[in-house]
Structures are given as structure tokens and as C-alpha cells.
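Let's take a friendly walk through this model, from its helices to its cores and charged pairs. Please keep the sequence and the 3D view at hand as you read.

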Amino acid sequence: MPRASTGPPPFHRLVYRLVRRIPRGRVATYGQVAALLGRPRGGRAVGTALGALPGALRDLVPWQRVISAAGRCSHRDGFWADIQRELLESEGVRFDRHGRVDLTRTRWRGPRSGPAPRSRSRHPGSRGR
């Protein structure tokens with residue numbers, strides 16, 4: 001029997017929670033977010049989660065701070081890529097003439113305190129938060 005939808009799937013909620021921790025003026029890559037969540041090959045899933053960001057959360061989750069591993073705005077629709085770049089530039093993120101961010105200067109290093117956010121539905125016997 002299908003479950004009633006109660007909002008975004010658990011992995012999406014984890015992505016949103018982690019992305020909210022990226023400070024202004026910093027960026028992370030899709031792969032970096034996935035690795036911090038324990039899914040080192042899950043960059044595409046992070047992109048899917050951010051692409052499915054509900055309208056009500058768009059102002060709360062700084063989706064624009066997650067970029068490609070090449071340092072580029074990566075939304076497939078050019079319109080959103082332009083908005084992403086404008087939002088990042090308004091936070092002080094600089095782009096080179098090829099439209100890339102210098103990841104060595106701007107990359108967020110990850111949360112400083114505590115482990116990455118975890119899902120509450122873990123394996124039996126493990127502690128959730």
C-alpha cells in the first residue's frame with residue numbers, strides 16, 4: 001500500500017538541511033554535498049533533490065550555492081543558470097571570464113561541528129537524531 005506523501009523524500013530533506021549550512025559567499029559541488037551525506041557517488045541525486053525544491057523552501061534553501069565540479073552554474077535551463085550566477089555574485093562570489101568559480105578560494109569545506117545530518121529512519125538498533 002503506497003504511503004501518503006508528507007513532503008520531500010528523506011534524502012531530499014537531508015540535502016536541504018546540509019545546503020542550508022553553506023555560508024554566504026561560499027559554494028559546494030554536487031559531489032561534495034553527496035559525499036558529506038555519505039553518498040560519494042550521489043552528485044546527480046543531489047541535483048535532482050535541488051531541482052525538486054518545493055517553492056515554499058526556495059527562499060530558505062540556498063540552492064544557488066551548489067555548483068558543478070568544474071566550478072560552473074549547472075542548471076540545464078539557461079534562465080536558471082543566469083539567476084544562479086546573479087545570486088552568487090550578489091553574495092560576493094567571483095566568476096572568471098569563462099564563467100567558472102575558483103573552487104580553491106570559494107569552496108565550502110563542510111560543516112565544522114558535528115557529523116553530517118542523518119535520516120531519522122536508520123537501521124534497527126542504530127541511534128537516530
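Buried residues have under 20% relative accessible area, exposed ones have over 50%, and partly exposed ones lie in between. At 31% relative accessibility, Arg-100 therefore counts as partly exposed. Do bear in mind that this is a predicted model.

**The helices α1 and α3**

A good place to begin is α1, which spans residues 10-19. Of its 10 residues, 7 are buried, so the helix is largely enclosed by the rest of the structure. The buried residues are Phe-11, His-12, Leu-14, Val-15, Tyr-16, Leu-18 and Val-19. They pack against α2 (30-36), α3 (43-51) and β2 (66-67).

Just ahead, in the segment before α1, you will find Gly-7. With a relative accessibility of 40%, Gly-7 counts as partly exposed. Its C-alpha lies 8.8 Å from that of Pro-54, although 47 residues separate the two in sequence.

Now turn to α3, where Gly-43, Val-46, Ala-49 and Leu-50 are buried. Viewed down the helix axis, these buried residues fall within an arc of 115°, so they line one face of α3. An α-helix has 3.6 residues a turn, so residues three or four places apart point the same way. On the face of α3 turned away from the buried side sit the exposed residues Arg-44 and Gly-51. The cover over the buried residues of α3 includes α1, α2 and β2.

**Two nonpolar cores**

Which residues have the most contacts inside the largest nonpolar core? They are Val-15, Val-19, Val-33, Val-46 and Leu-50, in a core of 20 residues. Two or more residues of this core come from each of α1, α2 and α3, and the largest share, 6 residues, comes from α1.

Val-19 is worth a closer look. Leaving aside residues up to four places away in sequence, Val-19 touches Val-33, Leu-50, Val-61, Pro-62, Trp-63 and Val-66. There is also a second, separate core of 9 residues, with Val-27, Leu-88, Phe-95 and Leu-103 among them.

**Salt bridges**

How many salt bridges does the model have? The count comes to 3, and the table shows the pairs with their closest N to O distances.

| Acidic residue | Basic residue | N to O distance |
|---|---|---|
| Glu-91 | Arg-65 | 2.9 Å |
| Glu-89 | Arg-85 | 3.0 Å |
| Asp-96 | Arg-100 | 3.7 Å |

The pair of Glu-91 and Arg-65 links distant parts of the chain, 26 residues apart. Glu-91 lies in the loop between α4 (78-90) and α5 (103-106), whereas Arg-65 lies in the loop between α3 and β2. Are these partners buried or exposed? Glu-91 is buried, with a relative accessible area of 11%, and Arg-65 is buried too, at 9%.

Glu-89 and Arg-85 are set 4 residues apart in helix α4, which means that about one helical turn separates them. Glu-89 is partly exposed at 39% relative accessibility, and Arg-85 is partly exposed at 29%.

That leaves the salt bridge of Asp-96 with Arg-100. Here Asp-96 counts as partly exposed at 31% relative accessibility, and its partner Arg-100 is partly exposed at 31%.

Methods
Residues numbered from 1 in each chain as written. Predicted model: local features only at pLDDT ≥ 70, side-chain atom pairs only at ≥ 80, totals over all residues. Heavy atoms only, no water. Buried < 20%, exposed > 50% of the residue type's maximum accessible area, 1.4 Å probe, protein only. Contact = heavy atoms within 4.5 Å. Arc of directions from axis to C-beta. Core = buried A, V, L, I, M, F, W, Y, C linked by side-chain atoms within 4.5 Å. Salt bridge = Lys/Arg side-chain N within 4 Å of Asp/Glu carboxyl O.
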